[in-house]
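Here are some short exercises on helix packing and aromatic rings. Open the model, try each task, and then follow the solution.

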Amino acid sequence: MPLTYLLTGSTGGLGSLVLDYFTTHFPPAQEPTHGISYAASSSNPSNSDRFTSKGIPFRTVNYDDPSTLDIAFKDVENLFFVSTNTFDVEKRRRQHLNVVEAAKRNGVKHVWYTSLAFGGLESDSKAAVQQAHYMTEDMLKESGINYTSIREGFYTEAFPVFINWYPRSKTLYLPSSSGKIAFTLRSELAEATAKLMLKGGHDKEIVLLTASEPVSVQDIVDVINETTGREVKIEIVDPETYVRLNAENDIGGKAEGFFRQLVGWFESIENGEAGFTDGLMGEVLGREPVTPREAVRGLLEGERDYTWHQNYST
């Protein structure tokens with residue numbers, strides 16, 4: 001029997017939320033009624049029980065092991081392809097090529113790839129992290145597979161890691177602060193992504209899912225101060241000083257290389273590459289997405305000392 005949707009990244013942040021949407025709206029036990037079949041996946045087969053115990057089929061998907069992909073992609077109609085999170089571009093290239101080749105080899109009908117929103121709908125961003133996404137989009141185009149590349153807005157929930165903010169931070173040392181960022185709630189991105197896949201279409205297209213307005217880092221700091229009564233300040237420093245000060249004093253213990261990566265991000269943000277928005281997300285959701293200011297305010301009202309896991313090295 002064909003599997004309508006195979007969802008990768010099911011133990012990750014975005015992937016688990018996409019799976020939640022499916023299980024909420026299409027309970028596995030009611031498959032004969034709604035006619036939609038889907039399976040969760042993970043690179044670690046030991047995760048199987050956490051899904052199968054709830055009646056959710058499971059397949060092992062290890063991007064480094066094509067043999068697992070050939071088994072997992074058998075009879076799959078729609079593949080939700082979550083990009084790997086490594087900063088090693090060559091490793092990511094190999095992993096993504098394995099996925100694309102296996103999808104073609106096994107006759108997957110539509111690949112839904114999660115990309116990033118640097119550069120909006122254009123493909124001219126200079127951000128190093130975006131190059132891997134362009135590379136994967138090229139792989140999909142050259143393969144001849146039907147695909148949709150979903151360029152997703154930057155997670156609002158991750159705002160602390162962008163600006164290296166912690167609840168006890170007084171001064172944020174940044175290389176710039178005026179560029180706009182289309183921060184978008186990950187929870188809404190997951191809902192919109194699931195709805196987009198279920199609706200179908202957008203054949204061999206690049207689409208953009210973002211909130212309706214971008215904000216600057218200063219805007220975010222203003223919301224932090226307004227909501228929590230803090231008096232956080234931004235101090236603009238040159239890139240080398242930014243790397244040195246943050247690496248030497250980082251509460252989360254992140255390495256110098258992490259901050260060097262972010263220098264490029266800030267350059268792209270300052271050049272306007274992160275501020276693109278699009279109305280598609282609102283159309284798919286059937287409502288206006290939560291604005292970045294509202295989202296950050298909501299996070300801090302829910303938890304004054306809000307933190308984000310990626311701000312910590314362990």
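## Exercise 1: Two helices that meet

**Task.** Find which residues of H1 meet which residues of H8.

**Solution.** Start with contacts, meaning heavy atoms within 4.5 Å. On the H1 side, Gly13, Leu14, Leu17, Val18, Tyr21 and Phe22 take part, and they meet Arg186, Ser187, Leu189, Ala190, Glu191, Thr193, Ala194, Lys195, Met197 and Leu198 in H8. Helices here are DSSP runs (H or I, at least four residues), numbered from the N terminus, as are strands (E, at least two).

A word on the source: this is a predicted model, where local features need pLDDT of at least 70 and side-chain atom pairs count only at pLDDT 80 or more, while totals for chains, interfaces and linings use all residues. Residues are numbered from 1 along each chain as its sequence is written, and side-chain values use heavy atoms, leaving out hydrogens and water.

Next, take the axes, which are lines fitted to C-alpha atoms over the stretch in contact, with angles from 0 to 180 degrees between N-to-C directions. Those of H1 (residues 13–25) and H8 (residues 186–199) come within 8 Å and cross at roughly 55°. H1 and H8 are therefore oblique to each other (under 35 degrees is roughly parallel, over 145 roughly antiparallel, 65 to 115 roughly perpendicular, and the rest oblique).

Finally, the crossing of H1 and H8 is right-handed (the near helix is turned clockwise from the far one by less than a right angle; anticlockwise would be left-handed).

## Exercise 2: A tyrosine between two helices

**Task.** Work out how H10 and H11 pass each other and which residues make the contact.

**Solution.** First, the axes of H10 and H11 come within 9 Å and cross at roughly 145°. H10 passes H11 in a right-handed crossing. The contact is made by Pro239, Glu240, Tyr242, Val243, Asn246 and Ala247 of H10, together with Glu256, Phe259, Arg260, Leu262, Val263 and Phe266 of H11.

**Task.** Classify the ring pairs of Tyr242 with Phe259 and with Phe266.

**Solution.** Rings of Phe, Tyr and Trp (its six-membered ring) pair if their centres lie within 6.5 Å; planes under 30 degrees apart are stacked, over 60 edge-to-face, and the rest tilted. The whole structure has 17 aromatic pairs. Tyr242 and Phe259 are 6.1 Å apart centre to centre with 85° between the planes, an edge-to-face pair. For Tyr242 and Phe266, the centres are 5.9 Å apart and the planes at 70°, so this pair is edge-to-face.

Last, check burial (buried is under 20% relative accessible area, exposed over 50%, partly exposed in between, with a 1.4 Å probe and protein chains only). Tyr242 and Phe259 are both buried, and Phe266 is buried too.
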